[in-house]
Each structure stands twice: as structure tokens, then as C-alpha cells.
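Trainee: I have a model open on my screen and would like to learn how to read it. Could you walk me through it, feature by feature?

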Amino acid sequence: MCPELYDPRLGYDPARKLTDGDVQDLKPEGWWGDDGKLFREFHFDSYPACVDFAVRVAALAEARGHHPDLHIYFRKVRVNYFTHDAGGVTALDLENARAVSALWDEVSGAREAGA
């Protein structure tokens, strides 16, 4: 965000917001940056598995105090991170995306072991 265009009444904190280039360089494997958001889609064999994963992500978010937008589809969950009060992606979003990736590794490893 250009400092000369920044309006403090918006409540955004441009000092915390990462540039799109920083997001691209620092995003965890499997994550994508698009229009100031950080997101990843996780694919499942069934709708109940999607819901279970979304509930686990919600519990993780609650414990960490930073909440993504969750979108549950038939066999996929999309997780979007965006720090609203900063007006974009911050280091906190990247940290939490890494935590969700670790949860995915745990869940998908358990699914493969049970297969």
C-alpha cells in the first residue's frame, strides 16, 4: 500500500502487511497468494472427512488466536488467511498457514496409514 494513499481511518496497519513478493517468497509449500490473501485447498475422499478437517483447523485457530476463512465443499476444504486489521497477509498468517500444513501432514499421514 502506498504511504501517500494510506488513510489511517481505515484502521489498516501497512507496516505489518507483507508485499505480494514477500508472500510469494515466504509462503509454505502448497499455499498460494492471490489478491492479498494466502490460501490452500485440501482434498478428501468424503464430505465428512472435509468437515472433520475444518473442525480441526477451527480448533487450531482458536488455540492460536488467529482465524482463517474456511470454505467446505463436497470433497475439498479451502483455507484463506488474511489479517483484516493490517489489510493483507502478515507474518502471523504465514505462521498459521505452516501450522495448518503440519496438521494436514498429520491427518493425511493417518489416512494413508489406515488405508
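**Reading the fold, step by step**

Mentor: Happily! Keep in mind that this is a predicted model. Let us begin with one residue: Leu70 lies in strand β3, which covers residues 69-72.

Trainee: Is Leu70 buried, partly exposed or exposed, and how do I decide?

Mentor: You compare the relative accessible area with two cut-offs: under 20% is buried, over 50% is exposed, and anything in between is partly exposed. Leu70 has 29% relative accessibility, so Leu70 counts as partly exposed.

Trainee: Which residues does Leu70 touch, leaving out those up to four places away in sequence?

Mentor: Leu70 touches Ala54, Val57, Ala58, Arg78 and Val79. You can also look at the backbone: the C-alpha atoms of Leu70 and Asn80 are 6.5 Å apart, although ten residues separate the two along the chain.

Trainee: Now the sheet. What should I look for, and in which order do the strands come?

Mentor: In general, strands of a sheet pair through backbone hydrogen bonds, and the pairing is either parallel or antiparallel. Here four strands make an open sheet, ordered β1-β2-β4-β3, with antiparallel pairing. Its edge strands are β1 (32-34) and β3, each of which pairs on one side only. From one strand to the next, the twist averages 25 degrees.

Trainee: How many bridges join β2 and β4?

Mentor: Six bridges, in the antiparallel sense, join β2 (residues 37-43) and β4 (residues 76-81). To see one, find Glu41: its bridge partner in β4 is Arg78. You have met Arg78 already, among the residues that Leu70 touches.

Trainee: Which helix lies across these strands?

Mentor: Helix α2, residues 47-64, lies across β2, β3 and β4. The helix runs at about 170 degrees to β3.

Trainee: What about the nonpolar core: which residues touch the most other members?

Mentor: The largest nonpolar core has 19 residues, and those touching the most other members are Trp31, Leu38, Phe42, Phe44, Phe53, Tyr81 and Val100. Two or more residues come from each of β2, α2, β4 and α3. Helix α3 gives the most, with six residues.

Trainee: I see several aromatic names there. How do I read a ring pair?

Mentor: A pair of aromatic rings is described by the distance of the centres and the angle of the planes. Across the whole structure, a search finds seven aromatic pairs. One of them, Trp31 with Tyr81, is tilted, with 6.2 Å centre to centre and 45 degrees between the planes. Trp31 sits in the loop between α1 (20-26) and β1, whereas Tyr81 is in strand β4, 50 residues apart. Both Trp31 and Tyr81 are buried.

Trainee: Why is the pair of Phe44 and Trp104 called edge-to-face?

Mentor: Their planes stand at 90 degrees, with the centres 5.3 Å apart, so this pair is edge-to-face. Phe44 belongs to the loop between β2 and α2 and Trp104 to helix α3, so the pair ties together parts 60 residues apart in sequence. Phe44 is buried at 5% relative accessibility, and Trp104 is buried at 13%. Ring pairs also link Trp31, Phe42, Phe44, Phe53, Tyr81 and Trp104 into a cluster.

Trainee: Which polar contact involves Trp31?

Mentor: The side chains of Trp31 and Ser101 are joined by a polar contact of 2.7 Å. Ser101 is found in helix α3 (residues 91-114). With a relative accessible area of 11%, Ser101 is buried. Beyond its neighbours within four places in sequence, Ser101 is in contact with Pro28, Glu29, Trp31 and Arg40.

Technical notes
Residues numbered from 1 in each chain as written. Predicted model: local features only at pLDDT ≥ 70, side-chain atom pairs only at ≥ 80, totals over all residues. Heavy atoms only, no water. Buried < 20%, exposed > 50% of the residue type's maximum accessible area, 1.4 Å probe, protein only. Polar contact = N/O pair within 3.5 Å; in protein donor to acceptor, adjacent residues only side chain to side chain. Contact = heavy atoms within 4.5 Å. Pairing = 2+ DSSP bridges. Axes fitted to C-alpha atoms, helices over the stretch in contact; angles between N-to-C directions. Core = buried A, V, L, I, M, F, W, Y, C linked by side-chain atoms within 4.5 Å. Phe/Tyr/Trp six-rings, centres within 6.5 Å; stacked < 30°, edge-to-face > 60°.
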